[in-house]
Amino acid sequence: MEKEIIKIENIRRDFTVGSETVHALRGVSFSIRAGEFVTIMGTSGSGKSTMLNILGCLDTPTSGEYYLDGISVRTMGKNDRATLRNRKIGFVFQSYNLLPKTTALENVELPLLYNRGFSARQRKEKAEQALVAVGLAERMSHRSNQMSGGQQQRVAIARALVNDPVILLADEATGNLDTRTSFEILTLFQRLHAEGRTIIFVTHNPELAEFSSRNITLRDGRVVADTLNGNIRSAREVLESLPKEND
Ligand SMILES: Nc1ncnc2c1ncn2[C@@H]1O[C@H](COP(=O)(O)OP(=O)(O)OP(=O)(O)O)[C@@H](O)[C@H]1O
Ligand SMILES: [Mg+2]
């Protein structure tokens with residue numbers, strides 16, 4: 001059995017909006033082992049992004065414990081937490097969050113600017129490797145506003161990979177994409193999983209549970225199902241069965 005890389009215990013997250021309190025998470029507990037590919041599902045408003053932001057150390061819970069690689073995130077200082085996040089976690093945002101008039105290469109180099117261990121040359125090399133890994137070798141000097149949605153999504157994934165994180169978190173990474181592009185991205189995630197990464201992939205699309213090794217379903221801020229998938233479908237096979245683009 002691989003080690004537990006993530007463990008959360010009774011996580012709650014309340015938001016105060018005016019005089020109302022929104023209970024986005026109402027006591028969520030689970031553990032994730034290294035090498036799992038977990039999809040997190042649930043309808044809009046069920047708490048998926050809130051959960052992912054906490055797992056990515058972008059937000060802190062109102063109460064409950066989060067252990068990342070055995071360390072209680074709550075007890076860490078802000079700087080240590082930022083460093084931990086930068087080294088261990090790659091985050092793919094729902095809306096890509098790329099700098100618009102900036103090239104793919106520059107966007108991917110960005111997280112490395114916070115890592116003093118790398119020279120400018122090493123940064124460029126690592127960013128190039130990450131872009132090759134997501135199939136964008138030919139697009140490195142294109143600006144994000146000159147790229148399609150699927151290509152921008154790949155740049156966002158390359159940026160999440162550039163620090164070689166052990167955990168990859170993705171929020172609706174295929175949400176805005178057409179079927180073919182979605183399966184290209186899913187194929188990429190399955191490959192990253194096969195290479196040993198731990199992946200947590202948030203989506204509202206129930207069909208995607210067939211492609212992960214485990215699925216957690218949230219409803220109204222609670223876990224209502226947590227199931228292992230013994231029969232993982234190949235995204236590549238689906239991709240190959242789709243009609244080809246005529247170009
Ligand atoms: N910053 C915030 N301030 C106030 N309420 C918030 C905030 N973020 C989320 N919420 C509320 O918490 C609940 C869960 O939101 P969350 O964004 O986690 O849902 P979601 O499952 O990601 O939905 P979607 O599929 O639409 O992205 C919602 O009721 C939302 O309105
Ligand atoms: Mg969301």
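This talk walks through one predicted model, from its parallel strands and their helices to an antiparallel sheet and a ligand shell.

Good morning, colleagues. I begin with strand β7, which covers residues 167–171. Is this strand buried or exposed? All of its residues, 5 of the 5, are buried, so β7 is largely enclosed by the rest of the structure. The burial can be followed face by face. Ile167, Leu169 and Asp171 lie on one side of the strand, Leu168 and Ala170 lie on the other, and both sides are covered. This division fits a general pattern: in a regular strand the side chains alternate between the two faces of the sheet.

Which strands pair with β7? One is β6, residues 89–92, which pairs with β7 in the parallel sense over 4 bridges. Within that pairing, Ile89 stands opposite Ile167, and Gly90 has Leu168 as its bridge partner. Strand β6 is also covered on both faces, with Ile89 and Phe91 buried on one side and Gly90 and Val92 buried on the other. The other partner is β8, residues 198–202, which runs parallel to β7 and is joined to it by 5 bridges. Here Leu169 is matched with Ile200 of β8. Between these two strands the chain passes through helix α6, residues 179–194, and the resulting β-α-β crossover is right-handed.

Let us stay with α6. The helix has 16 residues and spans 22 Å from its first C-alpha to its last, close to the 22 Å expected at 1.5 Å a residue. Its buried residues include Phe183, Ile185, Leu186, Leu188, Phe189 and Leu192, and among them are also Glu184 and His193. What do these buried residues pack against? They pack against β3 (37–41), α5 (149–161), β7, β8 and α7 (235–241). Just after the helix, Gly196 takes a positive phi of about 110°.

Helix α5 is the next element. With 13 residues, α5 reaches 18 Å from its first C-alpha to its last, which is close to the 18 Å expected at 1.5 Å a residue. Of its 13 residues, 10 are buried, so α5 too is largely enclosed by the rest of the structure. Among the buried residues of α5 are Val155, Ile157 and Leu161, and also Arg154 and Arg159. The cover over them includes β6, α3 (104–109), α4 (120–133), β7 and α6.

The loop between α5 and β7 holds Asp164. Why does Asp164 count as exposed? It counts as exposed because it has 12 C-beta neighbours inside 10 Å, and 12 or fewer is the limit for that class. Its phi is near 55°, a positive value in a residue other than glycine. For context, most residues other than glycine have a negative phi.

I turn now to the other sheet on my list. It is an open sheet of 4 strands in the order β2-β1-β4-β5, with antiparallel pairing. Its edge strands are β2 (20–33) and β5 (71–72), each of which pairs on one side only. Strand β1, residues 4–17, and strand β4, residues 63–68, pair in the antiparallel sense over 5 bridges.

Two residues of this sheet deserve a closer look. Leu68 is found in β4, and Ile6 stands opposite Leu68. Leu68 has 22 other C-beta atoms within 10 Å and is therefore buried. Beyond its neighbours within four places in sequence, Leu68 is in contact with Ile6, Val73, Leu84 and Lys88. The C-alpha atoms of Leu68 and Ile32 are separated by 10.0 Å, although the two residues are 36 apart along the chain. The second residue is Asn10, placed in β1. Asn10 is partly exposed, with 13 other C-beta atoms within 10 Å, and its phi is near 50°, a positive value in a residue other than glycine.

Finally, I come to ligand 1. Which residues around it come nearest? Of the 13 residues around ligand 1, these are Phe15, Ala24, Ser44, Ser49 and Thr50. The elements that give two or more residues to the shell are β1, β2 and α1 (48–55). Helix α1 gives the most, with 3 residues. By class, the shell has 4 nonpolar, 8 polar and 1 charged residues.

To close, I return to the starting point: β7 is enclosed, and it pairs in parallel with β6 and with β8. Thank you for your attention.

Definitions and conventions. Residues numbered from 1 in each chain as written. Chains lettered and ligands numbered in written order. Predicted model: local features only at pLDDT ≥ 70, side-chain atom pairs only at ≥ 80, totals over all residues. Buried ≥ 20, exposed ≤ 12 C-beta atoms within 10 Å, placed from the backbone. Pairing = 2+ DSSP bridges. Right-handed = clockwise from strand over helix to strand, strands pointing away. Near = placed C-beta within 6 Å. Nonpolar A, V, L, I, M, F, W, Y, C, P; charged D, E, K, R; others polar. Expected span 1.5 Å × (residues − 1). Contact = placed C-beta atoms within 7 Å.
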